[in-house]
Each structure stands twice: as C-alpha cells, then as structure tokens.
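Here is a short briefing for a first look at this protein. Keep the structure open while reading.

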Amino acid sequence: MRLRSGGSWVDRQLRDRGIHDERVLAAMERVPRELFVPEASRSLAYDDAALPLSYGQTISQPYVVALICKALALTGEERVLDVGTGSGYQAAVLAELARHVHSIERIPELAERARTALEEAGYGRVDVHVGDGTLGLPDLAPFGGIAVAAAAPDVPLALWDQLAEGARIALPVGTPQLQELRVLERTSAGPRLLESVPVRFVPLLGEQGYS
Ligand code: SAH
C-alpha cells in the first residue's frame, strides 16, 4: 500500500494554501512520491518538506512543485523542459500535465536513478538527459513550458531563447541564500512577469548559472 494518508495531504499542503488548479491537484495526487525519495526517507514521502537526495541535492517540497506546475499553465499538449531532474519527481508531475517532458540533470548518477524511478512509476513520457541545463536542449526547442528546480543568478538566456511564444518559464532567481520564484511569459513584446514568490533552492551550477 502507498504511504499516503487518504489523499488529504493534497488538501492540507496544497489546496488549503491556495493551489486550486484541479489538474495540478489531480497530478500531485497521482504521482507516487515514495518511488522518488531515497529508501531511508520513504516514510516521510508525503511530509510537507524537501527531502535529501545524494550528492547534497534535494527533492523539492510538494507545495513548491505544485506552485511551479501551476505557474506553467499547461494544457496537456506541450513539450516541456525540466531543468534539474534530481529525483525525477517534478518531471513525473509535469508528465501528468503535458504531452512530453525532457528533463536535464548534471550529475549522471542522479539522472540514472531518476530514470529508474520514472520507469518504475510508468512515466515513459519523460526523457532524462545528462548535461548542463543552463544551456537547455537547443535541438529539441522550442518548449511549451520550462521549469527550473535550482536557483540561478538570472534567467539563463539560452533557456529564454528555447521558450515558445506564449509559453512560460518558472525559475528561482537570486543569490544562493535568498531567492524568489519568478514566472515569466514570453510575449511578442518581451518577457511579462506574472508572479514572484519567495523560495529557497539549491544553486544551478553551469555556464549560465553559478560557476
Ligand atoms: N526537480 C527535482 C529537484 C532537484 S534539486 C526533484 O523533483 O527532485 C535540483 C537539481 O538540479 C539537483 O539534482 C542538481 O544536481 C541539479 N542541477 C544543478 N545545476 C544544474 C545544471 N546546470 N544542469 C542540470 N541540473 C542541474
């Protein structure tokens, strides 16, 4: 049996905190988070917290994943880019909301584990790539949404260039200590800032991130 408490964790952690997008709530309900957390933390899989992965990385708090997924306003037809695969959890939630997800991770061992977890959970719609996510995946662009799970000093230009017009990017921007989750829409007139929420993420390391 799954380790969730009757589905009400979604009400407590998400709905009661202002996430009312029913597609996102249903997606969060469906993805078995316990398959993405390290075995030692499985009993904590539905806690209201980020959890440690190996290599000093973390699987994001469910609320933050929901916030990012909601912000992208996906319809189900998009090809989405997920930067910072980590455990693969956010990629799985995005796969519930879009047609296909390309996820990119810089640590090969984490990418390999995420692939296994995604396969086990039945997410064949996610491709995990190893590389510098600050550069995106230019050969597969444009994307109908981009979700970044690590903090950058600013929006990496390469990612902005790979965003389709009318699509949105959600990413934590700021210093390694202090960040806000920015949601920007690409319009013909340039970037439109839709939302900005205080958050805390691990740093995005790479050519257009922190060195
Ligand atoms: N979305 C993940 C959260 C992982 S934490 C989840 O749901 O579990 C952020 C991840 O970003 C870490 O695994 C880290 O290794 C990765 N990362 C940091 N900089 C990166 C870069 N430039 N390219 C790809 N991945 C990066």
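Where is Tyr 46 found? Tyr 46 sits in the loop between H2 and strand S1 (51-52). The model is a predicted one. The points below start with the whole protein and then come back to this loop residue.

**Overall build**
- The protein has six helices and nine strands.
- Its radius of gyration is 16 Å, which agrees with the value near 17 Å that a compact globule of 211 residues would have.
- Along the principal axes, the C-alpha atoms fill a box of roughly 50 × 35 × 35 Å.
- Of the contacts with a separation of 6 or more, 55% join residues 24 or more positions apart.

**Surface and charge**
- Buried residues account for 51% of the 211 residues.
- The accessible surface is about 9400 Å². Carbon and sulfur atoms hold 51% of that surface.
- There are 21 positive and 28 negative side chains. The centres of the two sets are 3 Å apart.

**The largest nonpolar core**
- This core holds 49 residues. Met 28, Tyr 89 and Val 93 touch the most other members.
- Several elements each supply at least two residues of this core. The helices are H1 (8-13), H2 (22-30), H3, H4 (89-97) and H5 (108-120). The strands are S5 (126-130) and S8 (179-187).
- H3 gives the most to this core, with eight residues.
- Another core, of 19 residues, lies apart from it. Its members include Phe 143, Val 148, Leu 159 and Ala 167.

**Helix H3**
- H3 covers residues 62-71 and is mostly covered, with nine of its 10 residues buried.
- Among the buried residues of H3 are Tyr 63, Val 65, Leu 67, Ile 68 and Cys 69.
- Ala 73 follows H3 and has a positive phi, near 50°.

**Tyr 89 and its partners**
- Neighbours within four places in sequence are left aside here. Tyr 89 is then in contact with Trp 9, Met 28, Val 31, Arg 33, Phe 36, Ile 59 and Val 65.
- One of these partners, Val 65, is a buried residue of H3.

**Back to Tyr 46**
- Is Tyr 46 buried or exposed? Tyr 46 counts as buried because its relative accessibility is 8%, and the cut-off for buried is under 20%.
- Tyr 46 and Arg 33 are 13 residues apart in sequence. Their C-alpha atoms are 7.1 Å apart in space.
- Arg 33 is also one of the residues in contact with Tyr 89.

Definitions and conventions: Residues are numbered from 1 along each chain as its sequence is written. This is a predicted model: local features need pLDDT of at least 70, side-chain atom pairs count only at pLDDT 80 or more; totals for chains, interfaces and linings use all residues. Side-chain values use heavy atoms; hydrogens and water are left out. Helices (H or I, at least four residues) and strands (E, at least two) are DSSP runs, numbered from the N terminus. The radius of gyration is taken over C-alpha atoms; the globule rule is 2.2 Å times the number of residues to the power 0.38. Buried means under 20% relative accessible area, exposed over 50%, partly exposed in between (1.4 Å probe, protein chains only). Contact means heavy atoms within 4.5 Å. Accessible areas come from the Shrake-Rupley method with a 1.4 Å probe; for residues, only the protein chains shown count as cover. Lys and Arg count as positive and Asp and Glu as negative; His and the chain ends are not counted. The place of a charge is taken as NZ of Lys, CZ of Arg, CG of Asp or CD of Glu. A nonpolar core is a set of buried Ala, Val, Leu, Ile, Met, Phe, Trp, Tyr and Cys residues joined through side-chain atoms within 4.5 Å.
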